[in-house]
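Hi there,

Here is the structure I promised to hand over to you. Please open it first, and then read on for what turned up in it.

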There are 2 protein chains.
Amino acid sequence: MAERRTSGSRKRRFKDELYAAVARVPAALANGHRLELLDLLSQRPRTVQDVAAEAGITVANASQHLQVLARCGLVAVERRGTFAHYRAAGPAVYRLLVELRAVAESADASVADAEQAYFGPREPGIRTIDGARDALADAHTALLDARPREEYEAAHLPGAISAPLDALRSGKVALPRSKQYVVYCRGPYCVFADEAVALLRERGLDARRLSLGPAEWVAAGGDVQRVG
Amino acid sequence: MAERRTSGSRKRRFKDELYAAVARVPAALANGHRLELLDLLSQRPRTVQDVAAEAGITVANASQHLQVLARCGLVAVERRGTFAHYRAAGPAVYRLLVELRAVAESADASVADAEQAYFGPREPGIRTIDGARDALADAHTALLDARPREEYEAAHLPGAISAPLDALRSGKVALPRSKQYVVYCRGPYCVFADEAVALLRERGLDARRLSLGPAEWVAAGGDVQRVG
DNA sequence: GCCATATTCAAGAACTTTCGCGAATATGCG
DNA sequence: CGCATATTCGCGAAAGTTCTTGAATATGGC
């Protein structure tokens with residue numbers, strides 16, 4: 001306490017250190033590939049080659065990126081035999097990503113542009129947790145999970161039915177006409193739900209998109225279910 | 001919709017673009033000086049030389065950093081005469097910073113270390129919004145704002161009394177012994193409140209720290225008051 | 001118009017990040 | 001043990017970031 005007053009440079013040195021230490025977290029997030037890997041790992045644990053293939057980068061590169069994320073505590077790793085299973089570190093990480101996207105979309109026009117260029121003019125769908133709860137309160141509404149089955153098994157919204165795109169295309173999911181459908185996938189930057197909605201509408205069904213994934217749901221304090 | 005299926009590389013290109021665009025926000029945050037500037041601007045609008053002096057960097061350097069923050073929409077600038085008044089862009093930025101610190105502290109031991117080295121072993125004080133509301137519900141509790149008066153005037157917690165460190169030291173703030181005091185300052189990485197608490201205790205007063213500033217308060221949905 | 005001042009710009013040196021490539025390590029299995 | 005496979009490491013080239021320095025721009029007052 002006394003020494004705090006003696007030297008401005010001591011104060012400055014520690015302040016610099018503290019902010020530099022905090023800055024390591026945004027530094028780890030400051031790369032498109034790492035953000036994509038983090039999104040993938042928010043769905044379920046995956047091996048290095050698994051994320052590498054999904055993100056379209058080399059295994060060595062993916063390994064390096066995952067190590068950067070792990071060094072900041074953004075992902076955790078569990079080694080089983082020769083495999084390294086990486087996963088997102090927890091709800092705090094989901095919350096950080098949600099706020100990050102919120103700022104990026106509101107502030108930086110290029111994000112909205114890129115989104116628009118990728119998805120085309122899509123209807124916004126249901127974007128908020130409250131909106132989702134409202135829609136799902138209706139007994140005539142069924143909630144579909146358009147992600148691959150492994151991700152559904154790892155964590156899905158309460159009451160959701162697994163309806164991977166492939167299964168929908170080949171008609172393997174029973175879809176009574178009496179229901180209204182709400183479809184979600186990995187999160188706001190994922191197209192699975194958009195494609196599923198298009199597919200259901202082609203068949204004359206009433207379908208809407210929910211632009212949230214399990215990670216955003218958990219970030220907002222919701223609980224998820226798992227299989228097995 | 002059709003073209004989305006035609007080319008994996010088109011999908012990949014847009015995905016890369018989208019994630020790269022989002023990554024520009026953490027890139028802007030990935031620097032200790034910029035984080036410190038953002039903390040300063042979360043208290044009140046300031047000119048370039050103002051933040052430069054407070055953060056201990058050159059004016060040209062501060063200008064460059066502020067431009068980086070502005071390009072991502074993290075700060076806004078208003079020009080009045082030859083002065084540029086920069087300010088934090090809004091509640092979404094505060095929320096992002098709160099989540100950033102939460103992840104940095106929980107995940108990266110070096111943040112906690114740096115904090116500890118800087119502050120020494122300090123008692124945690126009141127760290128949550130709910131804790132603050134509870135403490136302040138007591139009619140015998142007075143809330144003190146230890147920041148410089150300009151910051152108090154720009155935004156302070158409802159019912160807070162301005163008690164800048166200088167004024168406290170020179171005994172210019174009336175402090176009845178019948179009260180219990182809760183003191184806050186800029187936020188968790190600011191020492192003003194710690195010093196104020198030490199000062200009050202030396203005088204035999206009952207004082208505790210609130211480790212939140214107005215920015216964190218607003219991030220949690222609270223409202224603030226301003227003077228004038 | 002001219003000066004003082006606040007801010008921004010431009011160029012360059014030091015440093016860090018990214019990514020491919022090939023090699024190294026480590027685990028499990030026959 | 002020897003081999004196949006998953007992951008990590010090390011190196012080097014290209015690209016990006018940071019900070020300093022000195023100059024350029026722009027505003028307001030005399």
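Let me begin at the DNA: His65(B) has a polar side-chain atom 2.7 Å from a phosphate oxygen of DNA strand D. Please keep in mind that this is a predicted model. Chain A reaches the phosphates of this strand as well. An N or O atom in the side chain of Gln67(A) is 2.6 Å from a phosphate oxygen of DNA strand D, and for the side chain of Tyr86(A) the corresponding distance is 3.0 Å. Which elements provide this surface? Those giving two or more residues to the surface near DNA strand D are H4, helix H5 (59-71) and strand E2 (83-88) of chain A, along with helix H3 (32-41) and helix H5 (59-71) of chain B.

In total, 22 residues lie around DNA strand D, and Ser63(A), Gln67(A), Arg79(A), Tyr86(A) and His65(B) come nearest. By class, the surface near the strand has 13 polar, 7 nonpolar and 2 charged residues. And which part of the DNA does the protein meet, sugar and phosphate or bases? Of the atoms of DNA strand D within 4 Å of the protein, 84% belong to sugar or phosphate, while the rest belong to bases.

Next, have a look at how the two protein chains meet. Chain A and chain B bury about 5000 Å² between them, and carbon and sulfur atoms account for 68% of that area. The contact takes 56 residues from chain A and 56 residues from chain B. There are 4 salt bridges between the two chains. A nice one to display is the pair Arg12(B) and Glu36(A), whose side chains meet in a salt bridge at 2.8 Å, N to O. You will also find 8 residue pairs in polar contact between chain A and chain B, counting those with both residues at pLDDT 80 or more.

On the side of chain A that touches chain B, several helices each supply at least two residues: H1 (2-6), H2 (8-29), H3 (32-41), H4 (48-55), H6 (91-107), H7 (109-119) and H11 (192-202). The largest share comes from H2(A), with 18 residues. Sorted by class, this side of chain A holds 32 nonpolar, 18 charged and 6 polar residues.

Finally, there is an arrangement within chain A itself. The domain assignment splits this chain into domain 1 (2-89) and domain 2 (122-219). Taken over C-alpha atoms, the centres of these two domains of chain A are 31 Å apart. Where they touch, 6 residues of domain 1 are in contact with 7 residues of domain 2. About 600 Å² is buried between the two domains of chain A, and carbon and sulfur atoms give 46% of it. In domain 1, the residues that lose the most area to domain 2 are Ser42(A), Gln43(A) and Arg44(A), together 74% of what that side buries.

This domain contact in chain A has 2 salt bridges. One of the salt bridges in the chain joins Arg46(A) to Glu151(A), with the closest N and O atoms 3.2 Å apart. Between the domains there are also 4 residue pairs in polar contact, both residues being at pLDDT 80 or more. The side of domain 1 that touches domain 2 divides into 3 charged, 2 polar and 1 nonpolar residues.

Happy browsing, and best wishes!

How values were computed
Residues numbered from 1 in each chain as written. Chains lettered and ligands numbered in written order. Predicted model: local features only at pLDDT ≥ 70, side-chain atom pairs only at ≥ 80, totals over all residues. Heavy atoms only, no water. Domains from an automatic or database assignment. Contact = heavy atoms within 4.5 Å. Buried area = accessible area lost by both parts, 1.4 Å probe. Polar contact = N/O pair within 3.5 Å; in protein donor to acceptor, adjacent residues only side chain to side chain. Nonpolar A, V, L, I, M, F, W, Y, C, P; charged D, E, K, R; others polar. Helix = DSSP H or I, 4+ residues; strand = E, 2+ residues; numbered from the N terminus. Near = heavy atom within 4 Å.
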